[in-house]
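Here's a quick walk through the fold of this protein. Have the structure open as you read.

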Amino acid sequence: MEIIMKNRLRILTVGGDMRQLYCARRLARECDTSVTGFDKEYLTASESSDAEGRYDCIILPVPPLNDDGNIPAPCGSGDISPDEIKKHLAEGSVIFAGHVGEKLRETFSGTEIVDYLEREELSLKNAIPTAEGAVQIALEELPVTLSGLSVLIVGMGRIGTALSTILKGFGADVTAAVRNEKGAAKARLAGIKSVYTDNLPTDYGLVFNTAPELVFNRELLGKFSDSTLFIDLASKPGGIDFESASELGIRAIWALGLPGKTAPVTAGEIIAETVMVVLDERRMADE
């Protein structure tokens, strides 16, 4: 995907994991890019981790702020103060970040902020690396093969649909837990069975949750075998009572941020392409 900008923009990518670095490298095809928050060991000979001057666009990671109110930089020598980044904001600049909250908007008050995770194109593209990463976890954690295993997927959205395709390829016996007939229709189109969430069977060896609300409370978890593996792919607050799962001896993994962990190159390029689309839309609106 190539998007030609009328003028080369100056873009600063700040902190985060390796997907942020690959995001910057993808953006470098069309823009003048800089990165900060990465130690030298992560950089190529032509890259440096020094921000200079002011930038038209600043890209923050997922999440953009930690509990201390700083920008996380796990690949750098320390977290980054937002005050340091404010020095690099040009007039009319825009900040991109994932999981934008009020804390970030208050910190950068007066600056336009775009949450790239809310863009439909990013969500669609991210579904595949998320699903692949989830299956990778299952392969590593399960003592049995996926082939012939009874698997439940809660939710038939983007990630659930991608999961069903991959799991069928492994020969798993896949069922989708859905809330309504629309979800059941999606399951039929994907070539898998469906059950309703208000009447879930519990004889599954593997359960993937994609619903960002509590589905598996203590009562429901207690009906599953302690050999069942639960993998939660939902953002906070998640769909599993992890405390109860631990007390019941049930393995439950909250697999957040999978694209950045299992496919950082792809995840970074997806963010970069989304940023370029938004910037191009802004340019066309101004013409």
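## The five-stranded sheet

In this predicted model, five strands line up as an open, parallel sheet in the order β2-β1-β3-β4-β5. The edge spots go to β2 (32-36) and β5 (112-115); each has a single partner strand, so one side of each has no neighbour in the sheet. Going from one strand to the next, the twist averages 20°.

Further in, β3 (residues 55-59) and β4 (residues 89-97) pair in the parallel sense over four bridges. If you want a spot to zoom in on, try I59, whose bridge partner in β4 is F96.

## A helix across the sheet

Which helix lies across β1, β3, β4 and β5? That's α10, covering residues 264-286, and it runs at about 140° to β4.

## Another parallel pair

Strands β7 (residues 173-178) and β8 (residues 193-196) also pair in the parallel sense, over four bridges. One of the contact points to look up is T175, which has K193 in β8 as its bridge partner. Add helix α6 (residues 181-190) and you've got a right-handed β-α-β unit made of β7, α6 and β8.

## The whole chain

Overall, the protein has ten helices and eleven strands. Its radius of gyration is 21 Å, close to the 19 Å that the globule rule gives for 287 residues, so it's as compact as a globular protein of that length. The C-alpha trace spans about 60 × 40 × 35 Å along its principal axes.

As for packing, 49% of the 287 residues are buried. Of the contacts with a separation of 6 or more, 58% come from residues 24 or more positions apart. The accessible surface is about 13700 Å², with 48% of that belonging to carbon and sulfur atoms.

Notes. Residues are numbered from 1 along each chain as its sequence is written. This is a predicted model: local features need pLDDT of at least 70, side-chain atom pairs count only at pLDDT 80 or more; totals for chains, interfaces and linings use all residues. Side-chain values use heavy atoms; hydrogens and water are left out. Two strands pair if DSSP finds at least two bridges between them. Helices (H or I, at least four residues) and strands (E, at least two) are DSSP runs, numbered from the N terminus. A crossover is right-handed if, with the strands pointing away from the viewer, the path from the first strand over the helix to the second runs clockwise. The radius of gyration is taken over C-alpha atoms; the globule rule is 2.2 Å times the number of residues to the power 0.38. Buried means under 20% relative accessible area, exposed over 50%, partly exposed in between (1.4 Å probe, protein chains only). Contact means heavy atoms within 4.5 Å. Accessible areas come from the Shrake-Rupley method with a 1.4 Å probe; for residues, only the protein chains shown count as cover. Axes are lines fitted to C-alpha atoms, for helices over the stretch in contact, and angles run from 0 to 180 degrees between N-to-C directions.
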